[in-house]
Each structure stands twice: as C-alpha cells, then as structure tokens.
Number of protein chains: 4
Amino acid sequence: MINVAVVGCGYWGPNLIRNFSNTPGARLSAICDLDTAKLAKFSLQYKDVFLTADYLDLLKRPDVDAVAIATPVSSHYKLARLALEAGKHVLVEKPITSNVAHAEELVLLAESKKLVLMVDHTFAYTPAVQKIKDLIDAGELGNLLYYDSVRINLGLFQTDVNVLWDLAVHDLAIMDFALGQEPVSVSATGHAHLAGQHEDIAYLTCFFKSNLIAHLHLNWLSPVKIRRTIIGGDKQMVVYDDLEPSEKLKIYDRGANLHDIGEENAIRQKIDYRMGDMHAPHIAPGEALKCNSAHFIDCIVNNRTPLTDGQSGLRVVRILEAATESMRRRGEPVTISRL
Amino acid sequence: MINVAVVGCGYWGPNLIRNFSNTPGARLSAICDLDTAKLAKFSLQYKDVFLTADYLDLLKRPDVDAVAIATPVSSHYKLARLALEAGKHVLVEKPITSNVAHAEELVLLAESKKLVLMVDHTFAYTPAVQKIKDLIDAGELGNLLYYDSVRINLGLFQTDVNVLWDLAVHDLAIMDFALGQEPVSVSATGHAHLAGQHEDIAYLTCFFKSNLIAHLHLNWLSPVKIRRTIIGGDKQMVVYDDLEPSEKLKIYDRGANLHDIGEENAIRQKIDYRMGDMHAPHIAPGEALKCNSAHFIDCIVNNRTPLTDGQSGLRVVRILEAATESMRRRGEPVTISRL
Amino acid sequence: MINVAVVGCGYWGPNLIRNFSNTPGARLSAICDLDTAKLAKFSLQYKDVFLTADYLDLLKRPDVDAVAIATPVSSHYKLARLALEAGKHVLVEKPITSNVAHAEELVLLAESKKLVLMVDHTFAYTPAVQKIKDLIDAGELGNLLYYDSVRINLGLFQTDVNVLWDLAVHDLAIMDFALGQEPVSVSATGHAHLAGQHEDIAYLTCFFKSNLIAHLHLNWLSPVKIRRTIIGGDKQMVVYDDLEPSEKLKIYDRGANLHDIGEENAIRQKIDYRMGDMHAPHIAPGEALKCNSAHFIDCIVNNRTPLTDGQSGLRVVRILEAATESMRRRGEPVTISRL
Amino acid sequence: MINVAVVGCGYWGPNLIRNFSNTPGARLSAICDLDTAKLAKFSLQYKDVFLTADYLDLLKRPDVDAVAIATPVSSHYKLARLALEAGKHVLVEKPITSNVAHAEELVLLAESKKLVLMVDHTFAYTPAVQKIKDLIDAGELGNLLYYDSVRINLGLFQTDVNVLWDLAVHDLAIMDFALGQEPVSVSATGHAHLAGQHEDIAYLTCFFKSNLIAHLHLNWLSPVKIRRTIIGGDKQMVVYDDLEPSEKLKIYDRGANLHDIGEENAIRQKIDYRMGDMHAPHIAPGEALKCNSAHFIDCIVNNRTPLTDGQSGLRVVRILEAATESMRRRGEPVTISRL
C-alpha cells in the first residue's frame, strides 16, 4: 500500500484527493494546504487523513511515500525538490516547472535518488489520445505531415503565466506522448491585449527534422470554444474534436500524392487526390485522472518509468521556454536546447 | 455603354463573360484566349462577340474600352501593362501581379494614364464582408484585438504559386477592405510536403501598430473544409463562417475587460468577463461578382476610384511577398515595404 | 425551518438529498429506502439524518414536515397518499402517478388537507424553458402555430413504462408550463420492437382549440442523441437545443403571412415570406433542481401554489393516458378527459 | 436515337431540357409550354428544337418518341394519357397523378400499349439513396426497425396541394425504392395555419406487416432547414443528412438487443446496448437527374422496366391519398388500398 499526500487544495487538488482515496494500492494519508480553512472542509469526509499547513512537517512523516503536487506553477520546483530530497516519489501538475533549468535539476535529482518523478500530462491518459498514439504507432496515418491544434475560448486569464504556459502545454504534452518526434526549433507570435498582463493570444509553429510541421493556436479571448486538432499523414488524417460528446475522433482516408507520369521524353508530376471514407471509432468515456493515479502507483510499486516522466515534463518546458522567447522577438525562430 | 473584352477562358473567365454580358451599362464586345478550342465554345451563345487568340490585335480594336484579365498570375503584369498602354481600363484577377515591383509599376501607369485599374478582390463585394466592414466602421466591435482566419481544404494544388498566394490572398483582401489598418510586419511559417512543389500549408501572422494582431491558416491538405474567421474587438466579436448557408455572421457580445479595484492602499486589477447574447443578422444571398462588374463599369463611367483599386492590389502583394520571404526564414519577422 | 425526508435512493434520490441538505430554509431530516445497503452509504456524510427502511415509521416522526418521493412510478400514488394522510407536504417525481384516477385522488386529498403537492417537472425550472415562457407570455412569438419536439437517443429502456411515460413526460411538462393552452385530443403511434417490452418509439400529436398543433418524437433506439424543440409563432420562431452548451435558444424573425392583394375586381391572396435575423440570448447556466427545492420550501412556508402543482401533474398524466390509448389503436384520436 | 419532347418550362422543365440535350442516345426534339414567352427564351440556345404551345400538335410529330412532363400535378394525368394514347413513352414528374384512380389508369394504359411509363422519383437516382438501398439489400442493417425522416424549411407554399403531396412524396419515393416493403396502413395529422390554404405541416406514420414503422415530418413553416433521415436496423443504423456537403451517410454500429439470462428457476430478459463505431462512406457527388434521363432512354431502347415505373408512382400516390384522408380525420388509421 502506497501512502500518498496531496499538496494544494485549489482548483485541481480536490480531484487528486478524490482519486487517490479510490485508487487500488493507494492510501490517501495526508492533505496539505497553506489555507487551513480549505483543509477543514476535508476533515469530515476524510477522517483518518492527516491535515496540515506545514509542508516540511508533512515530508517528515513515515506514512507518506509519495506526494502529489497541485499548487501554482511557480512553487512546483521547490516543493518537488524538497519531496525528492526527503525520499518521496513525486507526481506534479503540468507544466513541471516554470523554466528549463529547474526541470533539468528535478530530473537529475529523481534519477540519482531512484524515485518516481511523474508529471500530470492528463490528456496522455485519455482514451482519445491513446487511440491517436495507437494509430500513429501502427502506421495507420503513414508519414506525419502536420499537427494543427486550436484551443481557444473565453477563459480564465492566468495572471502568473502567458497563454502558452496555460494552454499550449496540453498540446505539447499530447504531441510529446503521441508523435514520437521532437521539434528542433520553434517560431511563435502573440499579443498581450490587456495592459500589464501576459500574452492572451499566441500562435506557435514547431519545426521537426522530418516533413512534419506542428502549429498551435491558443486564445483566452475567443467568443466561441474550440478544441480541435487535425493530424495529417500521407496515408490517413485524423480530426480530434474534444468537445464532441460521442465522436471525438474522425479518421479520413484522404490525401494527395505525387505521381510521376512519363510524357514523351520527359517525366512530369501529377497530383492525385484521394477522397475516401471517414471512420469514427467508438471512444468509451473514461476519466483520464483515474488511469493517471493508478499509473503513478504502478510505477512506484513495480519500479517502472511513467509514460509522462520528468523527461517528458522537461521536453515540454523546453519548447515553452523557446516559444516564449520567440514570441518576444515577433516570430524569430529559436532552436530547442538539448542537454 | 462600356465595351469590355474578357481575356482568359479558364476557370474564372467564363464567370466574367457571363457577368459582363448581363451588366447594365456594359457590352461584352470580345473574348480572347490562346486556346481557340476554348473560344469556339462561346461562338454559339455570344454571336456578336469578337473572338480572338491575338491579344495585341484585341487591344487595337476601338470597340474595346476595358479588358478583364483572368489568366494565370504570372501573365497579369504583362497583359495589364499592354492594356493600360493601349489606353484600356483594366480589371485583373487577384493577386494583381506576382511581385511588388510589377504591381507598383501598374499602379503608377494607371495613374499617369488616368485609367481605372481594379483588382478582383471578390470577397470585398460579398454581403457578409460588407456587413463586417459596416460593423467595424460603425464602432460596433470597438477597438480591434485580433483577426483570425482558417481557410483549409483538400484542394487544388497550384503548381505556379504557394498556398499563401492562392488562399491567403482572399483574407488579405478582406482585411485590406474591412480593417482600416495596414500591417507593419509579418512572420510566416509553412512547409512543402510534396517534393519539388510549393508550400502547401502556411501560417501567417500580421503585426499592426495598434493592439491588433492577425493570423491566417492556409492548407491545401486538410481532410475537412473550413472557411472561418473570428474578429475580436473589445466591444463585440464576430464569427464569420462562409460555409454556413444561412447564418454566415454571428456577432457576440462577449469579451474581457480590465477593471481597477482599489484595495486598501494599493490598486489591483481584476478581469471582468462579459458573456452576452449572440446575434446573427440575416445576410441576403447575392453574387459578389455581379456587384463587382457593375462597380467596375461605374468607376469607368463616373471616374471613380474602385474600392479595390490597384493600390489595394499592391498592398496585398506587399504582404504576400514579405510573408513568402519570412516563411523561407522559418518565421523571422519581415517588415512590410512602403513606397 | 422545514424538515424534509427524501424517499428513494436510486437514480434521482441522491440529487434530492444533496439539494435539500443545501436549500436555505430546509433541513434534511431523514432518508428512507427499502435497501439498507443504499442507506448506509449516506450515514457517513449525513450524520444527523435519520435513516430508515420503514416508510410508515418515517411518517410518524414529528421532525418530518415534508417528503420528497423519488421511487419507481408505480409506487408514487401509494407513498404520496400515505404522506398526505399523515399531514406531510409532498414533492413527487414525474410523472405524478401511473394513471389519471390516482392523480385526481392525490390532487383532491392535498386540497382538502391544505397541503402542498408539487410534482418535479424539472425542465420548468431551467433558465432556457423559463425564457421560452417569458417570450410566449410577452407575445414575442405572436400566436403559436406549432410545437415540435424530438427527444431521442440510444437509451435506458424502462421495463415498467413505455417511451411516452419516460420521455414525453418532459415535453408535456414543458408545454403545460410554457404554452398556456391545453390539448383537447391526441393521436399517437408507436411500436415495441423488443418482444414483451413496452413501446420504444412513439410519435404523439396534440390538437388544441386554437391554430396550435404539437408533436413529440420519442425514441429509445436512436443511434444519435437529439433534444431539439421548434416553437413556431406567427411573429417569431424559437429553436431550443438542450444539447448546445452555450446557445440553447435561437430566436428567428422568420415566417410566412397571407397578404390580400386587390387585382382588378377580385381579391387574391399572396404569401409573403419573412427571412429576418436570428438572436441567441445568453442563458446563464443554473441547476434546475436547486430552484426546484427552493420553490417547494417557499410554497410550504408562504402557503403558495407551486408552478408545477398536483393539477399540473394530473394534466400531464391525462395526456399520457390518452396517448397510450391512441397508440394502441394505431393513431385513432382520443379526447382528453376533463374533471 | 430517341427523340424526346419536354413539356412544361416552369421550375423543373429547364433541368429536363438541359439534361435531355446532353443524354447519350437522346435527342431533344421539341419543347412545349402554353406560355410562348417562356418558349422564346429557348429559341436561341436550342436552334434545331421545335417549339410549340400546342400539345396535341406536338403529339402528332413523328420526331417525338417520348415526352417528359414537368407541368403542375393536376395536369399530369391528362397529358400523360394523351401521350400514351399517341404511342409516346412518358416520363412524368412526381407525384405521378393527383389521385389513385388516375394513376391506376395510366399504369394499365402503358402496359397495354407496351410503352415505358416512368415517374421522376429523383432521389432514387442519387448516390446516397442508392447506397442506402445497397446496405439494406446486403443485410448490413439487419431487420429494419424504423424509418424516420424530417423534411422541413421555410419554403415555397404550394397553392394546389398540401405539404404531404409536395414534400412527403420524396420520402415515400425513397422508401418505395429502398425498403423493399410496403405500408399496410397510415395515420397522419397536420394543420393548415393560413386561412383557405392547404395543410402546411404534417406528420405521417406508416405501419408495415413487419416490425418496421415509418414516420415523416413535413413542414413549410420551419425557421431552419432540415433534411435528415434515420433508418434503424437491428444490426446497424444509418443517419442520412442530405444537407451535409461531404458526409451525407453515417452508419452506426449501435443498437439494443434482448438477451435471455437464466436466473435460478426463472428466465429473465436483459437489454444489451451496443455502442460501436461510426462509418461514413465517401459519396461521390453526382447529378441524380443525369442518371434519371439516361435510365429513361435505356428503358426505351432496351425494353426495360424503370426502377421508378408507373407502379412505383401509383404506390406512392396510394399512400398520399390515404394519408390525406387520415389527416382530415385527425389521425384515424386508414388502410392502403390494393388493386
């Protein structure tokens, strides 16, 4: 039985609390938040759970094997580092840290301590995204041509980060999980419309070594909500609409191919279009978070590397940092750093 | 009565032929195409119309006051120049030319000859785009925040131009007509997936002096067809979906505003969201091309400047040229040249 | 403070439990279910609430002023009658009873005892339906022409009632609340596709004294889920799509009118079409159930008649009973009984 | 070469003229309309075609082998009868006649004269409906459970017929072509909202000997346009949306089945739901009318029975006549007459 402490009772923390109190092999042993009023609300329902506002105190407890961190991004690094140093396994909300240097440090620390460091890239655990990965891995899409995502709505402005760190992180996590390729450079543009605030609209292009190009459109100021990704391959193409209640994935047997045609002495190229059928596999509904917590426990118990480990969190933060830099320079391409 | 000759009987030419044969104040006097087989098809229906494969011959005719050019882009400059030099008014398909220098020359030539030079930015003459311009001019949207357009489908690959010159030209023409602002620089990215072909997917950001940012997404390789533009203002926002049969424009009373709140000694800013009603004005169907040809004749007869004159065509080509340059440099920002 | 007991912990009961434990002026004092295992699940969270499997015992308690009944339809009559006889106010799930005679008896009993008898016609308490009623009452739609509703999905077959009693009850409750008119007769058709089961698909037409006609389409066997109602008036028309997340109501300024035109000595009629704008008022999300429970308490405390009182429940059951009879006779019209 | 005369140059006639002037094996030899002004418009384009206002004169011409009748419904019978008596093959617009007796007479007359009598049930010749027929014939849908169609818009009121004869005729023609079963009785309801006009809204249920039930919803007064048919089988279900530009047919592997489960000494039935994939076959666009005219010529030349012969037109009219009768009696079921 793995004893898990949840740190942070804000927007996301209560989901973690509910899930770890239900995950086989896990025991919710403690909840931590600086705000004791928030803590108090859990005292009735979770009577045997230790509640505390003192994080260092929490880390000293022998009945805490792992901590799940759901606090503001700026505190992720410090809290995760202390936990790892105290010998605790760590699950941390995305993005893993607010800069590359901190993410690299956490990854190295977890490796040296042989502890599980997992980042909560939630979408990687949804049935729709897992189906996309399966399609790509099985070669159903052929060679990837483009990944195009729109993630916009009239939304919660974040005051501590720009719209890339808030919304693009979801797409970058999906790409990291599903595409099997890493971008080599990025170009980003955007604008901050409210004085003194971060960018509320951003466009991010990722370049790859292959023929693949990826583009993300993020916007906190859209009158309509859109969550739609198109993945083009040279065999098939997928449209993933996360707002569709039942047909989230549509797979199209469509595309265009070059075709050499001999013509007298010369060779000329002709483009053939393929307009085939569409197929929408039934995606069983399922709570991503549930798989997520079970996977974290499984990695601890069986000494496995999480699908979304610290390295994955680091790769995503590298792109976000480069994109923010490119956005400041109005689209100038920025190379993604490597260790 | 203005005598009009149509040059080019390919994809678009027949529309011009049909329209000018019906436009009050105009007389279709001649049709010109290098391919005499194409010409022959019009001989039955337009018996009094002069048909020729010889453009220079056409320009000598006294019963040709104006020419409407619907040939491949690369020939626009030469054909338009010859016509202007021969003292003919000119209507030319978009884009006006394939480079800035040529467009500038045509503009100067038309001015010096006091001839009408109009570019066929068709969308500017549609009821939907005219309604958008009215909304912006009347201040209904407030200060413009962003213009975001998606124009994608599995489409006719062009062999002579990239996807920007084929598709972005529509959006740039709409922006030139409706926004009342010109971009100062651009950043573009894209990719050519078929060996030896032009870019088939492109993303273009336009930066303005104001708070406005514009972004266009063009793609010849999308399994689904989308023609959707979102225009965000700080008062209202418009979603323009050109594929909607009846509700092409939806106007949303939505947005976010900064709001200063005094708090003890400090001033703190709070973001207020506005989630108001949506309104879809009825857009009467109407053929843009019809207005277009009537407007051309009106400008000739009454010595007026077309809404989409040579200057407008030139401004669009300036952006296309800069964007193509930026795309080659992977998003590096490129300043828009000015005379 | 009104003490409320919730009876039945199946599908809907837990919602009532949650709501009455949060409704100002109400105190959740008891929960009753024949299944003690279900009861046990509430013991932790609701420690001061009396739990019992003995309904008669519950009715004897002085700390029970009102009961909220969420048991199978067939038990509604008996449980509600016992409660009223014991001097308790009653809130009962829809439909109020499984036949007209029982509903009439409950209505008379509540009146004679001067107790509140309310039926849980949930949709009447949603912002969208209340907006529809406001539009009709304010004459915004003009004279009503038709009410057309489609309520279909691949759904939970009910084993004790046919699809009319399961699904049409929602539309009939909305109509009873919003239209201000009662049908005088009905014609219904349907079919039971699974041997030994009730009708799983049904079509119901309601005739009114006025020019209004209503039609409901109910189906448990549809591959797609649709919840859409069109209400046509001679001034405006409303499309109400309950599955739309943000634009549930669309109001169209459209219609057709007869127009007399004098023509020489005769008068001829011409039909004019009106194709005007569409308007979608923002509907704030809100839980219907919350208003519902607050309204029940308000009616008890202030001696008011509920919007959806026993009479309303009775009117709906009258139509369901007549419709079931008509359906058996393959559409033969059946007059709605009146007291 | 079959010489075809087109009779009637109103709404539909020009389509027939255009098609028969292009159909291999056919020669458009004559056009007839009472209105000589309408005729005149065709004189330029069809110089070798005989134009006349005199139908009897037309029938005497040896260069007329067949007539295609596109006049108002009330004239179909008389014009078709005269043509058959004159030994001409006949293609007539739907519905074939305005009553059953007339349709029966035409069918017998054509048989006795051994002439082709074809009714223009256009939808039967569309790729989407042919695909539906293929699916049903191949057993892909299993046993048919229901056919449900909605065909509504704010439309052209007809002054000579009610909405059933104008719109339901399309669905009944599709059903006659694709289902392979004939209804035994009908129940219909509807209402005429404009004084002195025919019913503008109608609902029609068709009962079959099998488990199949069909229902049509027709409305000339809807603010939105819908053309959607759901066909439920016990194996698969089809949604056919004629307004979808590219995915007109969606085939769902969904349904519910009864399942016997032994339980101690008793047998109990359980309902299993199947929520499988959706598949949208690519439907190549194609003009139904073109197939239609080619099929008519083919039947004449090769002495074949048309897919939509006079019998088919008669079956549809039988249902329309019974439905109109039932509608007058507010839904009372009416048996379909048989010869």
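Strand E5(C) turns its side chains in two directions. His89(C), Leu91(C) and Glu93(C) point one way, while Val90(C) and Val92(C) point the other way. All of these residues are buried. The strand spans residues 89–93 of chain C, and five of its five residues are buried. E5(C) is thus described as mostly covered. The model is predicted.

E5(C) pairs with strand E4 of chain C, residues 66–69. The two strands run parallel and are joined by four bridges. Within this pairing, Ile69(C) stands opposite Val92(C). The chain passes from E4(C) to E5(C) through helix H4, residues 73–85 of chain C. This β-α-β crossover is right-handed.

E5(C) also pairs with strand E6 of chain C, residues 117–120. Here too the sense is parallel, and four bridges hold the pairing. Leu117(C) in E6(C) is the bridge partner of Val90(C). Helix H5, residues 100–113 of chain C, belongs to the unit formed with E5(C) and E6(C). This β-α-β unit is right-handed.

Chains A and B present a separate topic, that of symmetry. A turn of 180 degrees lays chain B on chain A, with a shift of 0.0 Å along the axis. The RMSD of this superposition is 0.1 Å. The two copies are therefore related as by a two-fold rotation axis. The same surface serves both copies, as 100% of the contact residues of chain B recur in chain A. Among the residues of chain B, Glu332(B) comes closest to the rotation axis. Its C-alpha lies at 2.1 Å from that axis.

The contact between these chains draws 40 residues from chain B and 40 residues from chain A. On the side of chain B that touches chain A, eight strands are listed below as giving two or more residues each. 

These elements are strand E7 (144–154), strand E8 (185–191), strand E9 (201–207), strand E10 (213–219), strand E11 (221–233), strand E12 (237–241), strand E13 (249–263) and strand E14 (266–280) of chain B. E11(B) gives the largest share of this side, six residues. By residue class, the side of chain B that touches chain A divides into 23 nonpolar, 14 polar and three charged residues.

How values were computed
Residues numbered from 1 in each chain as written. Chains lettered and ligands numbered in written order. Predicted model: local features only at pLDDT ≥ 70, side-chain atom pairs only at ≥ 80, totals over all residues. Least-squares fit on C-alpha atoms with pLDDT ≥ 70 in both. Contact = placed C-beta atoms within 7 Å. Nonpolar A, V, L, I, M, F, W, Y, C, P; charged D, E, K, R; others polar. Buried ≥ 20, exposed ≤ 12 C-beta atoms within 10 Å, placed from the backbone. Pairing = 2+ DSSP bridges. Right-handed = clockwise from strand over helix to strand, strands pointing away.
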